[in-house]
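Visitor: I'm new here and I like to know where the labels come from. Could you walk me through a few of them?

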Amino acid sequence: MLAPAGAGEPRIAPARPRELGLLARVVAVIAARVTGTGPPNVLTTLGRHPRLFRAWLRYSAHLMPFGTLPRPDTELVILRVAWRCGSAYEWHQHVPLALRVGLTADEVAGAAGEPHGFTARQQALLAVADELLADRALTDTTWRAVQDALSEREAIELFLLVGHYQGLATALGGLQIQVEESTAPARPASASLNTL
């Protein structure tokens with residue numbers, strides 16, 4: 001299990017709602033309703049800088065709610081990247097979203113361990129995440145599985161998704177953004193997040 005709290009205080013404190021611009025405030029309020037927590041710290045921290053926030057939000061939106069990959073696939077990949085990168089923040093934010101869009105508790109647990117019972121498509125998604133994070137390249141075997149399971153556009157989007165969430169995990173770790181206190185830890189049934 002990834003511990004929800006990092007070492008020490010956040011390096012840049014989340015902004016209070018009145019300190020945010022209109023767009024960041026609206027997005028933070030909507031995200032709070034969707035996740036069932038307060039405004040996510042990642043949004044209120046990045047929201048301190050409106051131009052950066054708008055650019056990041058546009059790119060993220062194309063990879064998540066408005067992307068070509070189905071949301072269960074997207075959430076599975078995000079969880080795998082969060083686990084591989086040791087990003088407690090992303091893990092705790094995306095487990096509830098993954099369950100909400102249709103992943104089972106076993107599939108969530110599989111994102112943090114060996115993928116038992118996954119479809120060929122899901123196995124290909126996880127193999128891509130694992131290989132890109134480890135080697136920044138794919139084996140021919142994984143590439144063939146991608147070609148069999150995904151369209152060309154989905155494949156490109158998948159590679160961007162892995163890179164984006166790896167970069168986000170790095171940023172969250174550098175900023176020491178804390179998991180919201182009201183976010184209940186979601187423990188995978190059959191996998192430990194402490195062993196990467």
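Visitor: Let's start with phenylalanine 53 and tryptophan 56: are both buried or exposed?

Guide: Both phenylalanine 53 and tryptophan 56 are buried. Keep in mind that this is a predicted model.

Visitor: Why is the pair of phenylalanine 53 and tryptophan 56 called tilted?

Guide: Look at the rings: their planes sit at 50°. Stacked needs under 30 degrees and edge-to-face needs over 60, so this pair counts as tilted. The ring centres are 6.1 Å apart, and the limit for a pair is within 6.5 Å.

Visitor: What separates phenylalanine 53 and tryptophan 56 along helix 3?

Guide: About one helical turn, because the two are 3 residues apart in helix 3, which covers residues 50–63.

Visitor: What makes tryptophan 143 and phenylalanine 159 a tilted pair?

Guide: Here the planes are at 40°. That is neither under 30 degrees nor over 60, so the label is tilted. As for pairing, the centres of these rings lie 6.3 Å apart, and the cut-off is within 6.5 Å.

Visitor: Where do tryptophan 143 and phenylalanine 159 sit in the chain?

Guide: Tryptophan 143 is in helix 8 (residues 140–149), and phenylalanine 159 is in helix 9 (residues 152–175). With their positions 16 residues apart, the pair links distant parts of the chain.

Visitor: How do you know that tryptophan 143 is partly exposed?

Guide: Its relative accessibility is 36%. Buried would be under 20% and exposed over 50%, so tryptophan 143 lands in between. Phenylalanine 159, at 28%, is partly exposed by that rule too.

Visitor: Why is leucine 63 called buried?

Guide: Leucine 63 has a relative accessible area of 3%, and buried means under 20%, so the label fits. This residue is part of helix 3.

Visitor: Which residues does leucine 63 touch, not counting those up to four places away in sequence?

Guide: Thr74, Glu157, Leu160, Leu161 and His164. Leucine 63 and leucine 158 are 95 residues apart in sequence, but 8.4 Å apart in space, C-alpha to C-alpha.

Visitor: What makes asparagine 41 count as buried?

Guide: Asparagine 41 comes in at 16% relative accessibility. The cut-off is under 20%, so asparagine 41 is buried. You'll find this residue in helix 2, residues 41–46.

Visitor: What does the side chain of asparagine 41 reach at 2.8 Å?

Guide: The backbone oxygen of glutamine 178. Leaving aside neighbours within four places in sequence, the contacts of asparagine 41 include Pro14, Tyr89 and Ile177.

Definitions and conventions: Residues numbered from 1 in each chain as written. Predicted model: local features only at pLDDT ≥ 70, side-chain atom pairs only at ≥ 80, totals over all residues. Heavy atoms only, no water. Phe/Tyr/Trp six-rings, centres within 6.5 Å; stacked < 30°, edge-to-face > 60°. Helix = DSSP H or I, 4+ residues; strand = E, 2+ residues; numbered from the N terminus. Buried < 20%, exposed > 50% of the residue type's maximum accessible area, 1.4 Å probe, protein only. Contact = heavy atoms within 4.5 Å. Polar contact = N/O pair within 3.5 Å; in protein donor to acceptor, adjacent residues only side chain to side chain.
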